[in-house]
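This report describes a protein model in complex with DNA. The structure is shown first, and the description follows.

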Number of protein chains: 2
Amino acid sequence: MLNSDARQRVLDAAEKLFMERGYRAVTLKDIAAQIGIRHASLYHHVPGGKQELFIEVTERNLARHREGIAAAIANSPQDVRAQLKAVADWLIAQPPMDLIRMVNSDMPAIDPRQAWRLSQMASDAMIEPLHALLKQAQARGEIAHDDLGVIAGGLLGMIESIHAVPTEALHQRGIPLDRHDMAHTLIDALLDGLMRRDEPTT
Amino acid sequence: MLNSDARQRVLDAAEKLFMERGYRAVTLKDIAAQIGIRHASLYHHVPGGKQELFIEVTERNLARHREGIAAAIANSPQDVRAQLKAVADWLIAQPPMDLIRMVNSDMPAIDPRQAWRLSQMASDAMIEPLHALLKQAQARGEIAHDDLGVIAGGLLGMIESIHAVPTEALHQRGIPLDRHDMAHTLIDALLDGLMRRDEPTT
DNA sequence: TGATACCTACAGAATTGTAGGTAGAGATGC
DNA sequence: GCATCTCTACCTACAATTCTGTAGGTATCA
């Protein structure tokens, strides 16, 4: 009842649209249309209305990210490069997680208490796992850096920025440019550095 | 007339809000309130309405970015690190340029022709200058990489992601964490790489 | 006296939310 | 075996508000 099949369809559609476009850019009509029902029928499954729907699916989405990132790391060898690429592959397969929009546009539009809670969740789900991954790699002696928190955030922004590449741009001039490849390229670049070195560090 | 003082105030307020929150999350009332007038008065300065206002200020903003980035590079020594940091400093001083939101939320909400044009402009203003900067550094032998286009995009995403750090988070535990410092840290990390090397490459 | 920069008032559409109704599936009483 | 009862998942209709855009008026200044 509280988690029926029909309700899940509503949450799925809402999650997809809200995460793609943001709170204000999605109407209840959009969500209802996506699953072929009338907007008023949404209230049957989510009596709390738009804001509660947004909060619920955002929480759900963040929880999924936390688990997805954890699983990606757990299923990889103990190696920063492999782990980061696994995380990136998982992130690229998801709808974009636009934290800039979340912080600057979505959060100011909802109840401040909830906004604060969601911001915390976002940090815990997205930044912390990456931060932990990097710290462990540092402990293993694989990498060396003083501000791994900052690096974790930058890494995330770098990977997510790939979602800003329009789909058409990927097939240009016969180059089968793939988002996963791009993410791997970026990770290799961050790990190895761009500066030219005469002795190649593999 | 076409570029009066009052009109500039309208464009400034609109640019700030639109770039911060996105097209759908900003109402004409918000913009008018920002400069202390009624929403209907906006039509005196921008008869084209909301969509044309958005397009105009987005163009303006992108043009400013193109110029600001070019100026930052021009006023720096011929050195990737210095140039990238100058660009980053300029970007950090601007309102966030959320390309993910632009592509996935703002562009689908406006006329497709204009959306395509703005997307081109965004690429020209943001990615291309960075790409050119990197190619020149490569020509000078400072850096070495095969996919500088991808790197340029990732670099941008990395720097812009700093705008997702909530202002309160910057003053935590007495650490005067500054957005500019964070950007510099990220640039150093990308140039030098995170991998531990026993001979320090300065 | 005319241009500029505003204003009030309002129309029309979109958006969120409420009230109450219905069709069908499955359980229950007799 | 079948009438009925209840629950789920919708529906239509509409109220309240917000948002965009229009029409026309007014104050100020050169």
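## Basis of the description

Two residues are taken to be in contact when heavy atoms of theirs lie within 4.5 Å. The model is a predicted one.

## Overall form of chain A

Chain A contains nine helices and zero strands. Read from the N terminus, its elements therefore follow the order α-α-α-α-α-α-α-α-α, each helix being a DSSP run. The C-alpha trace of chain A spans about 65 × 40 × 30 Å along its principal axes.

## Helix packing within chain B

Two packed helices are described by the angle between their axes and the distance between the axes. In chain B, helix α5 (residues 80-93) packs against helix α9 (residues 179-192) at an angle of about 145°, and the two axes are 9 Å apart. The crossing of α5(B) and α9(B) is right-handed.

On the α5(B) side, the contact involves Arg81(B), Leu84(B), Lys85(B), Ala88(B), Asp89(B), Ile92(B) and Ala93(B). Their partners in α9(B) are Arg179(B), His180(B), Ala183(B), His184(B), Ile187(B), Asp188(B), Leu191(B) and Asp192(B). By class, the residues of this contact between α5(B) and α9(B) comprise seven nonpolar, two polar and six charged.

## Helix packing within chain A

In chain A, α4(A) packs against helix α5 (residues 80-93) at an angle of about 145°, with the axes 8 Å apart. The crossing of α4(A) and α5(A) is right-handed. From α4(A), the contact draws on Arg64(A), His65(A), Gly68(A), Ile69(A), Ala72(A) and Ile73(A). From α5(A), the participants are Gln83(A), Ala86(A), Val87(A), Trp90(A) and Leu91(A). The residues of the contact of α4(A) with α5(A) divide into seven nonpolar, three polar and one charged.

## The interface between the chains

Contact between the two chains involves 43 residues of chain B and 43 residues of chain A. About 4300 Å² is buried between chain B and chain A, and carbon and sulfur atoms give 69% of this area. Within chain B, the residues that lose the most area to chain A are Ile100(B), Leu194(B) and Met195(B), which together account for 17% of what that side buries.

## The surface near DNA strand C

DNA strand C is surrounded by 19 residues, the closest being Leu28(A), Tyr43(A), Lys50(A), Arg38(B) and Ser41(B). Of the strand C atoms that come within 4 Å of the protein, 65% belong to sugar and phosphate. The residues of this surface comprise eight nonpolar, seven polar and four charged. At least two residues of the surface are supplied by each of α4 (49-74) of chain A and α1 (5-21) and α3 (42-45) of chain B.

Specific approaches to the strand involve both backbone and side-chain atoms of the protein. A backbone N or O atom of Leu28(A) lies 2.9 Å from a phosphate oxygen of DNA strand C. A polar side-chain atom of Tyr43(A) is likewise 2.9 Å from a phosphate oxygen of the strand. For His39(A), an N or O atom of the side chain is 3.1 Å from a base nitrogen of DNA strand C.

Technical notes:
Residues are numbered from 1 along each chain as its sequence is written. Chains are lettered from A and ligands numbered from 1 in the order in which they are written. This is a predicted model: local features need pLDDT of at least 70, side-chain atom pairs count only at pLDDT 80 or more; totals for chains, interfaces and linings use all residues. Side-chain values use heavy atoms; hydrogens and water are left out. Axes are lines fitted to C-alpha atoms, for helices over the stretch in contact, and angles run from 0 to 180 degrees between N-to-C directions. Helices (H or I, at least four residues) and strands (E, at least two) are DSSP runs, numbered from the N terminus. A crossing is left-handed if the near helix is turned anticlockwise from the far one by less than a right angle, and right-handed if clockwise. Ala, Val, Leu, Ile, Met, Phe, Trp, Tyr, Cys and Pro count as nonpolar, Asp, Glu, Lys and Arg as charged, and the others, Gly among them, as polar. A residue is near a molecule or strand if one of its heavy atoms lies within 4 Å of it. A polar contact is a pair of N or O atoms within 3.5 Å; within protein, one must be able to donate a hydrogen and the other to accept it, and residues adjacent in sequence count only if both atoms are side-chain atoms. Buried area is the accessible area (1.4 Å probe) that two parts lose on being put together, summed over both.
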